[in-house]
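User: Please take one part of this model and examine it closely, explaining how its strands pair and where its charged side chains meet. A connected account suited to a first-year student would be most helpful.

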Amino acid sequence: MTIDHVQDVISMLGPPQGAHADPEAWRTLEDRLGLRLPDSFKALTDMYAPVQLNEHLFLEHPATARWNLGASMDSTIAAFRRSRSAEREGHLFGGPDGLVPLLGTDRGEYLFFASGATSGGERLVASNGDEPVLYDYRVDFAEWLHRYLIGEPMFGPGSEAFYEGPVVLESMSLKEGDEVRVWYGPDRGM
């Protein structure tokens, strides 16, 4: 039996918004990065981003000028490349052989994608704040997000961010003066 984690996430977030789906924006970003991003990441991002989930986790989109995923990836890669701890640990950031940031939190956590071009398989890699330690998760993005939303420690040990009740979704304003909209996913029975 195959578990559909994309559907699990949709059932927690509610009806998709889908306002910014743009296949050309994804093609442009992937061409620039030199790799293909996970399908479930692109699908869920198209359905909901730009959005903040449960007051911590940010999903940005490549088709928006503000909260632009590509720009965020560039600045995060540059910051991690400058980090002495990352350099000391031998981590490569950016490009088809390096770690590419997918999302972050307001707690300084980051989730990266490793394409497996030279390492033998795709995986997600999490950074728990300022620690130089990275944590591997050999799961699809949709499963990672589902597990994060149900309160599992998906940025490493002790990183749980569980909230009872429905998931809180908060729009991220696309231009100065836009009103932030808050809505809730369906009751999760949690």
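**The sheet and its charged pairs**

Analyst: Arg 107 has a relative accessibility of 33% and is therefore classed as partly exposed. The model is a predicted one, and the values that follow are computed from it. The side chain of Arg 107 meets that of Glu 109 in a salt bridge, with N and O 2.8 Å apart. Glu 109, in contrast, counts as buried because its relative accessibility is 2%, which is under the 20% limit for that class. This salt bridge thus joins a buried residue to a partly exposed one.

A further pair consists of Asp 136 and Arg 123, whose closest N and O atoms are 2.9 Å apart in a salt bridge. Asp 136 belongs to strand E6 and Arg 123 to strand E5, so this contact ties together parts separated by 13 residues in sequence. Here, too, the partners differ in class: Asp 136 is partly exposed, with a relative accessible area of 43%, whereas Arg 123 is buried at 17%. In general, side chains of opposite charge can pair when their charged atoms come close.

Strands E5 and E6 lead to the sheet as a whole. Eight strands form an open sheet in the order E6-E5-E4-E3-E2-E1-E7-E8, and their pairing is antiparallel. Strands E6 (134–137) and E8 occupy the edges; each has a single partner strand, so one side of each lacks a neighbour in the sheet. From one strand to the next, the twist averages 30 degrees.

The pairing may be followed from E2 towards the edge at E8. Strand E2 (residues 57–59) is joined to E1 by three bridges in the antiparallel sense, and Val 51 stands opposite Leu 59 of E2. Against this sheet packs helix H6 (residues 141–149), which touches E1, E2, E3, E4, E5 and E6; the direction of H6 makes about 150 degrees with that of E2. Strand E1 (residues 51–53) is also antiparallel to E7 (residues 168–171), with three bridges between them, and Leu 53 stands opposite Leu 169 in E7. Strand E7 in turn pairs with E8 (residues 182–184) over three bridges, again in the antiparallel sense. Within that pairing, Glu 170 stands opposite Val 182 in E8.

Val 182 has a further role in the description of this edge. Together with Val 180 and Tyr 184, Val 182 makes a nonpolar surface patch of about 280 Å². Val 180 is placed in the loop between E7 and E8. Its relative accessibility is 39%, so Val 180 counts as partly exposed.

Charged pairs also occur elsewhere, for the structure holds nine salt bridges. One of them joins Arg 32 to Asp 74, with the closest N and O atoms 2.8 Å apart. This pair links distant parts of the chain, 42 residues apart: Arg 32 lies in helix H2 (residues 23–33) and Asp 74 in helix H4 (residues 69–82). Arg 32 is partly exposed at 46% relative accessible area, and Asp 74 is likewise partly exposed at 37%. Salt bridges also form a network that links Glu 30, Arg 36, Asp 39 and Lys 42.

Technical notes: Residues numbered from 1 in each chain as written. Predicted model: local features only at pLDDT ≥ 70, side-chain atom pairs only at ≥ 80, totals over all residues. Heavy atoms only, no water. Pairing = 2+ DSSP bridges. Helix = DSSP H or I, 4+ residues; strand = E, 2+ residues; numbered from the N terminus. Patch = residues over 30% accessible without salt bridge, like charges linked within 9 Å, V, L, I, M, F, W, Y side chains within 5 Å. Areas by Shrake-Rupley, 256 points an atom, 1.4 Å probe, with all protein chains shown as cover. Salt bridge = Lys/Arg side-chain N within 4 Å of Asp/Glu carboxyl O. Buried < 20%, exposed > 50% of the residue type's maximum accessible area, 1.4 Å probe, protein only. Axes fitted to C-alpha atoms, helices over the stretch in contact; angles between N-to-C directions. Contact = heavy atoms within 4.5 Å.
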